[in-house]
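Open the model in your viewer and set the display to cartoon, with side chains hidden. Each stop below gives a selection and then says what is there.

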Amino acid sequence: MLSEEWSAQAAVDDVLDQFQPAGFVPDAAFVFLSSAHRDEAETIMSLLAEAMGFRVIIGCCAEAVIGPGREAENAPGLAVLAAALPGVHLHPFHIGRDDWRKLLADDDELRRRVGVDGRTRGVIGRASCRERV
């Protein structure tokens, strides 16, 4: 799903209008925002979470975002990939910019914060739209 609307509410409404599959209950969303939406990132994430009921939302800002058959470059863009992940345990986490160096030096604490255990098969991380690692 891809929207090129300027305001947060219009972009979210546009994406939601494109999302209509019956019976599909998404567990996770991967959200990509162009820099035009950077200041509205928290609002967009909240609106999407409220409307769709995602258990986890992972997002990032980019210079351009892509969606079905098109790309929003040097323009507002909101792209959302929704996923149903039955049987998958999702463990959201946040590590602030000032914590990374300390955690990289302590394997056990890093595993604890990220939620890694013997069942973990993958970890997806991101840097905040507002802070760079």
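The tour covers a helix, a sheet and some charged pairs in this predicted model.

**Stop 1: helix α2**

Select residues 41-52, which make up helix α2. The helix has 12 residues, and its first and last C-alpha atoms are 16 Å apart, close to the 16 Å expected at 1.5 Å a residue.

Now show the side chains of Ala41, Ile44, Met45, Leu48 and Met52, which are buried. Look down the axis of α2: these buried residues line one face of the helix, because they fall within an arc of 95°. In general, residues three or four places apart point the same way, because an α-helix has 3.6 residues a turn.

Which elements do the buried residues of α2 pack against? Add α1 (8-18), β2 (28-34), β3 (56-62) and β6 (78-83) to the selection; these are the packing partners.

Turn to the other side of α2 and show Glu42 and Glu50, both exposed. Then move past the end of the helix to Gly53, which follows α2 and has a positive phi, near 70°.

**Stop 2: the sheet**

Select β1, β6, β2 and β3, which form an open sheet of four strands in that order, with mixed pairing. The edges are β1 (2-3) and β3; each has a single partner strand, so one side of each has no neighbour in the sheet.

Zoom in on β2 and β3, which run parallel and are joined by seven bridges. One residue pair to label here is Phe32 with its bridge partner in β3, Cys60.

**Stop 3: salt bridges**

The model has six salt bridges; three are visited here.

Select Glu4 and Arg70, whose closest N and O atoms are 3.0 Å apart in a salt bridge. Glu4 sits in the loop between β1 and α1 and Arg70 in strand β5 (residues 70-73), so this pair ties together parts that are 66 residues apart in sequence. Glu4 is partly exposed at 36% relative accessible area, and Arg70 is partly exposed at 37%.

Next, select Asp108 and Arg111, a salt bridge with its closest N and O atoms 3.6 Å apart. Both residues lie in helix α4 (residues 107-114), three residues apart, about one turn of the helix. Asp108 is exposed at 59%, whereas Arg111 is partly exposed at 41%.

Finish with Arg119 and Asp117, where the closest N and O atoms of the salt bridge are 2.7 Å apart. Arg119 is exposed, with a relative accessible area of 66%, and Asp117 is partly exposed at 36%.

How values were computed
Residues numbered from 1 in each chain as written. Predicted model: local features only at pLDDT ≥ 70, side-chain atom pairs only at ≥ 80, totals over all residues. Heavy atoms only, no water. Helix = DSSP H or I, 4+ residues; strand = E, 2+ residues; numbered from the N terminus. Expected span 1.5 Å × (residues − 1). Buried < 20%, exposed > 50% of the residue type's maximum accessible area, 1.4 Å probe, protein only. Arc of directions from axis to C-beta. Contact = heavy atoms within 4.5 Å. Pairing = 2+ DSSP bridges. Salt bridge = Lys/Arg side-chain N within 4 Å of Asp/Glu carboxyl O.
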